[in-house]
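Reader: I have the model open beside me and would like to go through it with you. Could we begin with a single residue and work outwards?

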Amino acid sequence: MTATDTRTILSAKSTVTPRAKRSRGDLGFTVWGIAVLVFLFLPIAVVVVYSFNVGRLLTSFTHFGFDSFAAIVSNEVVRNAVLVSVQTGFLAALLASVLGTLAGIAMARHPGKWVWWFLVLLLLVSVTPEIVDAVSLLPWLVTLGQDWGLSFFNNGIFRLVIGHSLFSIAVVSYLVRARLIGLDAQLEEASADLYAPPLTTFRRVTLPLAMPAVLAGFLLSFTLSLDNTVIAAFVSVAGSTPWPVYILGAVRTGLRPEIAAVSTIMLVLTLVALAVVALVLKRAGDSAADIARTMAGG
Amino acid sequence: MRKKAGIALAFPAWAWLLFFFVIPVGYVVWFSFGYKPGIFGTHANDVLSFDRYLEVLTPTFFATFQNTLWIGVVGTLACLAIGAPVAYWMAVKAPPSKRGLLVALVMVPFWTNFLVRTIGWQIILAPNGWLSGIMQAMGLGPLDILYTRPAVLLGVIYNYLPLMILPLFVAFDRVGPALREASKDLGAGRWTTFLRITLPISRPGVLAGVLLVFIPLMGDYITATILGGAKGNMIGQMVATQFQTAQNWALGSAMAIMLILIVLLTTAVGFGLVWLVGVPMRLRNRVVLDPVPASTAVAASTSPNGGAA
C-alpha cells in the first residue's frame, strides 16, 4: 500500500520536471524532421531552378529565362524521347495491370500450396538488382530477335515494355492480393449462390472490389516505367530512346539546361500521376499509413 | 476445381515472368561458368569451370566488391540513423492532421526520377557551383568532393533515405498511442518505453526498411556513374562495363551472380548479429515475466513488451 503510494507521489512529482524536457525533445524531433525534408527537396529544387538557366552549361547559372523550355519544343530528339517514355509507360502499365490483377485475384481467392511458390517468384523478381535484370535481358532479347528470327523482339518499344513490366507485375500482384485478402469472399459466394456464372461473378463482383488496387497499381507501374533508367539503358535500341536514357547519355557528353527543363516537365507529370494514386486510395478508405505502405511498393 | 481456376488465372503472369525473368537470369548463371573466346566472342560454354569466379576474386575486381560493400553497409546504417528519428516524428510527435501531408512530402522525392535527383546533386557539388561559391566566400576553400567516394556515399544516402523512412513510419504508426501510454502510466521512462514497447513491436518495419535500402543500394548503378569517379566505382558499373564495353559476358555474369550472393550473405550475417544482440534482452524479459505472482507493478510494467517480443 504505502509503496504504491510513494510511487504515485514520485511519478506525480516527476511529471512536473520532464514536461519542459519533453517539449525540448519534441522540438529536437521537429527540427530534425524538417531539416531532413529540406535535404530531400534540395536537389529537386535545384534542378527546377536551373531549368530556367539561360546558359550553355547546366551547372553554371548565368541568368533567368525560358530558353531551355523553348529549346525542348524545337528539339525533335527530346520530344521523341518523351513520347517514347509515355508510350512505353502506358503499355507497360497496361500489361502489368492485366497480368498482375489476374495473379493477385488468383492468389487471394484460390489459395493453395502454389501461392507460396508464386510469392517466392515475385519476391525474387522484386529483390533482384535492376542491373542484373538488365544484363540478363540484353543477351536474351538478342537471342530471340536475331538468332531465332522473331523480329518483333527487335522493336524498341516492345523491348522496353518487357523490361519495365517485370517489377511492375510483382507490385500489382501484391497490391491486388493485399486488397482482396482484406475483403471477405462472401460477396462472391453470394453471387455464385444467385446462379451467376463464374465469369459474371468475376466481372461484376471480384473486379470492382479489386478496382482501387488495380488503378493504384496501374499508375504506380506507369510512374515506375517512366523512371526506369537502368533496364532501359540496356534494352533500348537506337530510334526509340526513352528520356532517362537520353539524359544518361547527356551526362556523359555534357549537361545542358534543356535536361533540367525536361526533368521539370516529367516531375510535374509524375506528381500528377501520384496525386491521382493517393486520391484513389483515399477514396477507397486507406489511411496515411496504408498509402505510405502501398506507395513504398507493397 | 478452385485450385485449377487459380492456376489458370495466375498462368499469364507466371509464364511472362518465366520467359522474361527466370530464363534470362538462368542464362546469366550458365554464362558465368564459361569463358570469353578470343577478342570478338562474348561467351563460350564448351569448357565449364569456376575460373570466372576466381577471376572476380582477384585484387583488381575484389577491391570494387569491398568498396561496394563498405558503401552499402555505411549507407544503410546512415539511412537508419537519419531516417528513424524522422519516421518517429512523423508517426508519433507530429499532429495527426499533418500526417498525410508529411507522408506526401517524403513520397515526392522518392517518386522523382532517380537520375534527376542525382543530377541535382551534381549541380550542387560542382566545384564551380553555388555551394562551392558560398564555401569559398566563408574561407573554407572550394568544394572538391564530386567524383569521389564521399560524393557517392552522400548520393546513395540521399537516394535511398525515403525507402527507409516510409516503412519505419508505417511500423511506428502501427504501435499506436495506447501501449505507449500504458507503459508510461506504469512508470516506465521515455527510453524504456521506446526500447521495450515501440522498438520490439516495430521490428518488422525496421527490418523491411534495412532490406529495402540495402538490396537496391548494393546494385546501384546510376549514383555511382554520375557522382563517383574512378574512386567511387561500384559493382553495378563493373557488371555493366563487362557487358557493354569489354564484351566479356562470362566475367560480367560471374560478377552479377557474386553480387547477388554477397547481398544474400551480408543480409544473413546482419540478421544473425541482430538476433545475437537480441538474445540477452529476450532472456531478461523471460526472467522478468516468469514470476507470475501478483508482485504488483513491477511484473505488470514488463508484461506488455514480454508479450510482444
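Author: Let us begin with Leu248(A), which counts as buried because it has 21 C-beta neighbours inside 10 Å, and please keep in mind that this is a predicted model.

Reader: Where is Leu248(A) found?

Author: Leu248(A) sits in helix α10 of chain A, which covers residues 243-253.

Reader: And which residues is Leu248(A) in contact with, leaving aside its neighbours within four places in sequence?

Author: With those neighbours left out, the contacts of Leu248(A) are Thr229(A) and Ala233(A) from its own chain, together with Leu115(B) from chain B. Leu271(A), by comparison, is 23 residues from Leu248(A) in sequence, and the two C-alpha atoms are 22 Å apart in space.

Reader: Since chain B has come up, how many residues does the contact take from chain A and from chain B?

Author: The contact takes 72 residues from chain A and 77 residues from chain B. On the side of chain A that touches chain B, the largest share belongs to helix α1 (residues 2-50) of chain A, with 18 residues. Sorted by class, that side of chain A has 52 nonpolar, 15 polar and five charged residues.

Reader: What about the largest nonpolar core, and which residues there touch the most other members?

Author: That core has 166 residues, and those touching the most other members are Val135(A) and Leu137(A) from chain A, with Phe169(B), Val239(B), Met255(B) and Leu259(B) from chain B. Helix α7 of chain B (residues 149-185) gives the largest share of this core, 18 residues. Domain 1 (2-50) and domain 2 (70-295) of chain A both contribute residues, so the core lies between them.

Reader: Could you take Leu259(B) and tell me what it is in contact with, sequence neighbours within four places aside?

Author: Leu259(B) is in contact with Pro129(A) and Val132(A) in chain A, and with Met218(B), Gly219(B), Ile235(B) and Val239(B) in chain B.

Reader: Going back to the two domains of chain A, what distance separates their centres?

Author: Taken over C-alpha atoms, the centres of domain 1 of chain A and domain 2 of chain A are separated by 39 Å. As for secondary structure, chain A comes to 12 helices and two strands, and of its 298 residues 44% count as buried.

Reader: I was looking at α2(A) and α11(A); at what angle do their axes cross?

Author: The axes of α2 (residues 67-74) and α11 (residues 257-283) of chain A cross at roughly 85 degrees and come within 8 Å. Angles of 65 to 115 degrees count as roughly perpendicular, which is why α2(A) is described as roughly perpendicular to α11(A). From α2(A) the contact uses Ser68(A), Phe69(A), Ala71(A) and Ile72(A), while α11(A) supplies Pro257(A), Glu258(A), Ala260(A), Ala261(A) and Val262(A). By class, this contact has seven nonpolar, one polar and one charged residues.

Reader: One last topic, the backbone: what is the phi of Tyr195(A), and is that residue buried or exposed?

Author: Tyr195(A), although not a glycine, has a positive phi of about 70 degrees, and the residue is placed in the loop between α7 (186-193) and α8 (198-227) of chain A. Tyr195(A) counts as exposed because it has 7 C-beta neighbours inside 10 Å. Gln247(B) also has a positive phi, near 55 degrees, and lies in the loop between α11 (235-244) and α12 (249-289) of chain B. With 16 other C-beta atoms within 10 Å, Gln247(B) is partly exposed.

Notes. Residues are numbered from 1 along each chain as its sequence is written. Chains are lettered from A and ligands numbered from 1 in the order in which they are written. This is a predicted model: local features need pLDDT of at least 70, side-chain atom pairs count only at pLDDT 80 or more; totals for chains, interfaces and linings use all residues. Axes are lines fitted to C-alpha atoms, for helices over the stretch in contact, and angles run from 0 to 180 degrees between N-to-C directions. Helices (H or I, at least four residues) and strands (E, at least two) are DSSP runs, numbered from the N terminus. Angles under 35 degrees count as roughly parallel, over 145 as roughly antiparallel, 65 to 115 as roughly perpendicular and the rest as oblique. Two residues are in contact if their C-beta atoms, placed from the backbone, lie within 7 Å. Ala, Val, Leu, Ile, Met, Phe, Trp, Tyr, Cys and Pro count as nonpolar, Asp, Glu, Lys and Arg as charged, and the others, Gly among them, as polar. A nonpolar core is a set of buried Ala, Val, Leu, Ile, Met, Phe, Trp, Tyr and Cys residues joined through C-beta atoms within 7 Å. A residue is buried if 20 or more other C-beta atoms lie within 10 Å of its own, exposed if 12 or fewer, and partly exposed in between; C-beta atoms are placed from the backbone. Domain bounds come from an automatic or database domain assignment.
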